[in-house]
Amino acid sequence: MTGLKLSNVRKTYGVLEVIKDVSLEVKPKEFVVFVGPSGCGKSTLLRMIAGLEKITAGDLEIGGKRMNEVEPSKRGIAMVFQSYALYPHLTVRENMGFALRFAGVPKNEIIKQVDAAAQTLELGALMDRRPGELSGGQRQRVAIGRAIVRKPEVFLFDEPLSNLDAELRVHMRIELARLHKSLAATVIYVTHDQVEAMTLADKIVVMRNGLISQVGSPLDVYDNPDNMFVAGFIGSPKINFIKGVVDGVSKSGLTVVLPGYQDAKVTFATKNSSVPVGDSVTVGLRPQHFNTTGKMKFKLNVELVEHLGGESFVYAGNGSGDLITVATQEGRGLKSGQKFDAHIDPAKALLFDANGQRVR
Amino acid sequence: MAQSSGKTTLTGWLFTGPALMLLTFFMVYPILSSLWMSLQVGKGMNFSFGGFANMWRLTQDAVFQKALLNTLTLLVVQVPIMIALAMLLAVALNDPSLKGRALFRTAIFLPCVTSLVAYSVLFKSMFAYDGVVNRFLEALHILDQPIPWLSDTFWAKVLIILAITWRWTGYNMIFFLAALQNIEPSIYEAARIDGIPRWAQFQKITLPALIPVVLFTTVTSTIGTLQLFDEVNNITLGGPANATMTLSLYIYQLSFKFMPSFGYAATVSYVIVVLVMILSFFQFVAARDRRRP
């Protein structure tokens with residue numbers, strides 16, 4: 001299996017720069033997910049790897065070979081599209097074997113490979129149907145089958161589950177994870193859905209405005225975000241950001257006071273002294289980190305409760321209009337208007353400077 | 001639904017009534033009336049029932065047979081050329097890398113909305129013996145001597161084919177363009193990644209999507225050409241020596257040019273109706289067979 005390397009890659013359309021100096025290494029057999037809001041350049045980057053978009057500057061290597069000017073079909077990649085992009089007038093069988101026909105593969109070999117892929121994806125009963133006669137999930141499986149048959153070095157997925165309904169999406173997500181294990185292939189997967197990113201990835205690449213914001217394992221990116229954007233994008237419900245001011249700097253750490261919350265104080269064990277006293281900072285608190293025993297306490301009033309069955313999301317405020325989201329297992333009895341004390345362990349809090357960068 | 005009351009039925013008839021009435025007056029009545037007329041013989045307004053006399057006359061009428069042959073010749077030669085041309089132009093104009101696409105589209109579509117008489121007069125003068133076309137071709141040394149576009153039986157037909165192709169290609173191209181724009185671009189991208197050669201992409205992705213349009217444009221163009229009247233009346237007047245006489249022009253001349261023979265003209269009209277029915281039927285059958293291999 002083959003890895004992939006992007007070095008200082010850029011993409012411009014006229015004066016508009018959509019990919020700004022991206023460097024990234026994907027190891028063989030790794031499942032890498034590009035995630036970010038729409039317009040962040042993740043799909044463009046994937047299409048550049050596929051060869052569907054020209055690379056304005058920088059180098060793309062697949063398996064150690066420079067691929068910038070190589071035809072898409074010769075890059076050793078296969079791609080699954082959001083819209084499935086099946087050939088509408090060919091049957092499932094023809095769709096899956098179409099590429100092999102033009103790659104000079106003998107007929108009986110095509111049949112063998114198509115049948116093998118069909119078995120993996122349980123497409124056996126659908127082989128003589130046309131794409132128009134299939135459901136969304138079935139079409140997506142055919143699209144994946146078409147990719148598998150070519151035995152590519154690298155699989156590229158462009159938001160493959162976005163057109164499916166919620167239930168099917170979860171089901172296909174699990175199938176994809178299994179498939180990755182059984183094929184032991186390198187996968188690059190684009191999505192705007194952070195749950196897909198968290199569940200599927202070996203490595204998450206969070207993108208924003210044509211730049212990589214952070215690269216890391218899913219839990220690493222969740223626990224240890226580099227900036228406010230990553231902290232806000234990864235994790236559901238969204239992390240709470242609370243404005244604060246640096247109150248004191250000492251050798252052991254940095255104390256932040258939260259004016260909106262009875263001047264509560266949090267101390268961060270950081271050796272970083274670049275943030276002077278009096279500077280505005282932001283404190284990030286994940287909804288899931290709240291509990292009933294933590295040392296830090298927020299006195300709040302419940303505004304709204306969403307019961308999901310297993311857990312509840314409590315949206316509570318201090319009267320200023322800002323709401324704090326708390327995810328709790330013990331929220332069943334809560335009603336809006338009620339007083340609500342949220343506790344959290346200060347060690348779980350994340351600190352960001354005025355520019356949104358993490359202070360560690 | 002099964003127990004629709006009399007009142008519901010009445011409401012239904014009241015809604016469809018005005019349309020049905022208009023259809024009856026302006027469609028059904030003329031069709032039946034002309035069918036009755038086709039069984040009448042006589043000149044001017046002196047009609048008498050003649051039974052199948054008009055149909056017998058068809059078999060004896062050299063001009064009718066010439067007109068039928070001309071019409072079918074124009075049909076067989078012109079429609080395929082035009083449809084192929086419309087498809088090619090549509091594919092070319094659908095290429096996003098082509099600059100000035102909107103301008104080309106407009107330019108190619110424009111002929112079918114221009115004034116018929118104006119363009120006919122222009123064609124007549126352009127293709128005259130000492131017209132601009134001949135002089136241009138001579139200047140380029142493509143021709144040694146001018147082509148007698150209007151006075152030669154062969155070249156007159158070519159001129160009519162050129163004229164209707166010029167006029168209707170853009171119109172048909174619009175349908176092909178619409179069908180092409182319905183094909184999702186990512187399908188071609190998938191084909192590029194799959195390494196499908198250009199010709200196979202056209203054959204297996206583009207062409208199948210265009211088949212319904214080929215059927216539609218062929219049927220409408222066939223009907224149009226069978227009814228061809230304007231160009232032949234305005235450019236060649238059916239000449240020379242009836243070389244461009246078409247069925248429609250003959251009907252017109254039978255009714256309004258010579259001693260009016262409305263009954264016989266109606267019979268010739270029904271020949272067109274029958275031809276349209278037969279050809280459309282075969283075209284639909286052919287298309288159905290292609291769709292289910």
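**Worked exercises on cavities, salt bridges and backbone**

The second largest cavity has a volume of about 50 Å³; a cavity is a set of points, on a 1 Å grid over the protein atoms alone, where a 1.4 Å probe fits but cannot get out, and its volume is the space filled by probe spheres set on points joined across faces, edges and corners. The model is predicted, so that local features need pLDDT of at least 70 and side-chain atom pairs count only at pLDDT 80 or more, while totals for chains, interfaces and linings use all residues. Residues are numbered from 1 along each chain as its sequence is written, chains are lettered from A and ligands numbered from 1 in the order in which they are written, and side-chain values use heavy atoms, with hydrogens and water left out.

**Exercise 1.** Work out which residues line the second largest cavity and which element gives the most to this lining.

*Solution.* Begin with the lining residues, those with an atom within 4 Å of a point: they are Ala78(A), Met79(A), Phe81(A), Arg146(A), Ala147(A), Ala190(B), Ile193(B) and Asp194(B). Next assign elements, taking helices (H or I, at least four residues) and strands (E, at least two) as DSSP runs numbered from the N terminus; β6 (77–80) and α4 (136–149) of chain A, together with α8 (185–194) of chain B, each supply at least two residues, and α8(B) gives the most, with three. Finally sort by class, where Ala, Val, Leu, Ile, Met, Phe, Trp, Tyr, Cys and Pro count as nonpolar, Asp, Glu, Lys and Arg as charged, and the others, Gly among them, as polar: this lining has six nonpolar, no polar and two charged residues.

**Exercise 2.** Describe the lining of the largest cavity by element and by class.

*Solution.* The largest cavity holds about 70 Å³ of space, and its lining includes Phe31(A), Phe155(A), Leu179(A) and His180(A). Both β7 (154–158) and α5 (166–183) of chain A supply at least two lining residues, the largest share, four residues, coming from α5(A). By class, nine are nonpolar, one is polar and none is charged.

**Exercise 3.** Locate the partners of the salt bridge between Lys203(A) and Glu30(A), and decide whether they are buried or exposed.

*Solution.* A salt bridge is a side-chain nitrogen of Lys or Arg within 4 Å of a carboxyl oxygen of Asp or Glu, and the side chains of Lys203(A) and Glu30(A) meet at 3.4 Å, N to O. The pair links distant parts of the chain, since Lys203(A) lies in strand β9 (residues 203–208) and Glu30(A) in the loop between β2 and β3 of chain A, 173 residues apart. Both partners are buried, a word that stands for under 20% relative accessible area, with exposed meaning over 50% and partly exposed in between (1.4 Å probe, protein chains only).

**Exercise 4.** Find what is uncommon in the backbone at Lys29(A) and between Ser236(A) and Pro237(A).

*Solution.* Start from the general pattern: most residues other than glycine have a negative phi, and most peptide bonds are trans. Lys29(A) has a positive phi, near 70 degrees, and is found in the loop between β2 (16–26) and β3 (31–35) of chain A, where it counts as partly exposed because its relative accessibility is 47%. The bond joining Ser236(A) and Pro237(A) is cis, with omega about -5 degrees, and Pro237(A) is found in the loop between α8 (228–233) and β11 (240–249) of chain A.

Terms used
On a 1 Å grid over the protein atoms alone, a cavity is a set of points where a 1.4 Å probe fits but cannot get out, and a pocket is an open set with protein on both sides within 12 Å along at least five of seven lines; lining residues have an atom within 4 Å of a point.
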